[in-house]
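User: I am new to this model and would like to understand the terms used to describe it. Could you take me through them with care?

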Amino acid sequence: MPGTLTPADRLVAWYDRHHRDLPWRVAPRDRRAGIMPDPYRVWLSEIMLQQTSVRAVKPYFAAFVQRWPRVGDLASADETEVLGAWAGLGYYSRARNLKRCAETIAVAHGGIFPDTAAGLRALPGIGAYTAAAIAAIAFDRPEPVVDGNVERVTTRLFAIETPLPRAKPEIGERVAELTPDARPGDFAQAMMDLGATICTPRRPACAICPLNADCAALATMDPETLPRKAPKKEKPARRGAAFVAIDGTGAVYLTRRPDKGLLAGMAQVPTTGWTSRLDGDTTVAAAPFEAAWHRSGTIEHVFTHFSLRLDIFGAELVRRPETAEGWWSPPERVGDEALPTVMKKAIAAAFPDTFRR
DNA sequence: AATCCGGGGGG
DNA sequence: CCCCCAGGATT
């Protein structure tokens, strides 16, 4: 009955023809023949794909399954080796949780992955999204799988103009309504593939979209404007001062930031705290040592949760003063220091000829 | 609810 | 070059 074709039917039909061939996937025709993917590979890929592109994941996935073909192999592996194999992928707590999760499955589950979203959700490193994705893809559970791609597709499909993250509950309901009992795993993968290849953040390819006849946004507005995002709330403004000292050789005085907190362990030029309102006297008092400090401009930098305006003070010293905590970085080495962008800006503001990168 | 974690890709 | 992205854990 062609008249009863649902959006999910159209989407899965598109996926049958256009799915991406990925090493952790079982192709639709094989799935329909009863072949299911290895839950270990689905899990490993989903953890790697958190905040990480398919392109970046592929070589790491190949290396992992070559070296640790089954979850038990990973469970008994050396954690340092696992972290080493993860190096370059980022978000290293994922690798530590990966190891803990493998151990839990080996020890507490007899080496068998839980086959429900609730069971998976209880494991380290598996949140709501990943639990639903593994349950759907590896076990064909009709779980609503909502990642960033699916949020974009769904807000457009239903023209949901409520901004994120407030729209999340509604998106979840819509995806749950959309998710079919037949082939929910392929449906979930199809939604994510559609978001990655057709329903893209900018310039979506609506002309070739399998859901263009169903899309409320395409009918009534510009789909590219969805999803709406909550207006970025004003970042609190902080102020401070930074002190850039160079000696006669052009070496810059640097210190190391504390091991915890913002920019932990990175190099910096000495600065005041970044909250206080400063008058001239307190600023000079905060300098790391006595010198002929002179104002050399102001820099702006925006962090995730606040914007910072730093008054820059520079000094050229004839002799290096006695200091315990910092070090003098020669001009040809400054570029190799672990200097965050804000610190590079500060140094460049004080001595534009010394610091080039 | 807010913050941190890291790399890749796009404007 | 800088800005943006977004799942899980922690607090």
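User: What makes the pair formed by Gln51 and a base nitrogen of DNA strand C a polar contact?

Analyst: A polar side-chain atom of Gln51 lies 2.5 Å from a base nitrogen of DNA strand C, and a polar contact is a pair of N or O atoms within 3.5 Å (within protein, one must be able to donate a hydrogen and the other to accept it, and residues adjacent in sequence count only if both atoms are side-chain atoms). The pair of Gln51 therefore meets the definition. This is a predicted model, in which local features need pLDDT of at least 70 and side-chain atom pairs count only at pLDDT 80 or more, while totals for chains, interfaces and linings use all residues; side-chain values use heavy atoms, with hydrogens and water left out. Residues are numbered from 1 along each chain as its sequence is written, and chains are lettered from A and ligands numbered from 1 in the order in which they are written.

User: Which side chains have a polar atom close to a phosphate oxygen of DNA strand C?

Analyst: An N or O atom in the side chain of Thr130 is 2.4 Å from a phosphate oxygen of the strand, and a polar side-chain atom of Lys229 lies 3.4 Å from a phosphate oxygen of DNA strand C.

User: How many residues surround DNA strand C, and what counts as near?

Analyst: A residue is near a strand if one of its heavy atoms lies within 4 Å of it, and 15 residues surround DNA strand C, the closest being Gln51, Gly125, Gly127, Thr130 and Gly148. Of the strand atoms that come within 4 Å of the protein, sugar and phosphate account for 66%. Helix α9, residues 128-139, gives the most to this surface, with three residues; helices (H or I, at least four residues) and strands (E, at least two) are DSSP runs, numbered from the N terminus.

User: Why are Ile171, Val175 and Leu178 said to be on the same side of α11?

Analyst: These three residues of helix α11 (residues 168-178) are buried, which means under 20% relative accessible area, whereas exposed means over 50% and partly exposed in between (1.4 Å probe, protein chains only). They cover an arc of only 60° around the axis, the arc being that of the directions from the helix axis to the C-beta atoms, and this puts them on the same side of α11. An α-helix has 3.6 residues a turn, so residues three or four places apart point the same way. The face turned away from the buried side carries the exposed residues Pro169, Glu173 and Glu177. The buried residues of α11 pack against α1 (7-18), α10 (148-157) and α12 (184-197), where contact means heavy atoms within 4.5 Å.

User: Why is Ala62 called partly exposed, while Tyr91 is called exposed?

Analyst: Ala62, in helix α4 (residues 54-67), has 43% relative accessibility and therefore counts as partly exposed. Tyr91, in the loop between α6 (79-86) and α7 (93-108), counts as exposed because its relative accessibility is 54%.

User: What is notable about the phi of Tyr91 and of Asp140?

Analyst: Phi of Tyr91 is near 45°, a positive value in a residue other than glycine, and Asp140 has a positive phi of about 50° although it is not a glycine. Asp140 is found in the loop between α9 and α10.

User: Where are the cis peptide bonds that involve Pro165 and Pro227?

Analyst: The bond from Leu164 to Pro165 is cis, with omega near 5°, and a cis peptide bond joins Leu226 and Pro227, with omega about -5°.
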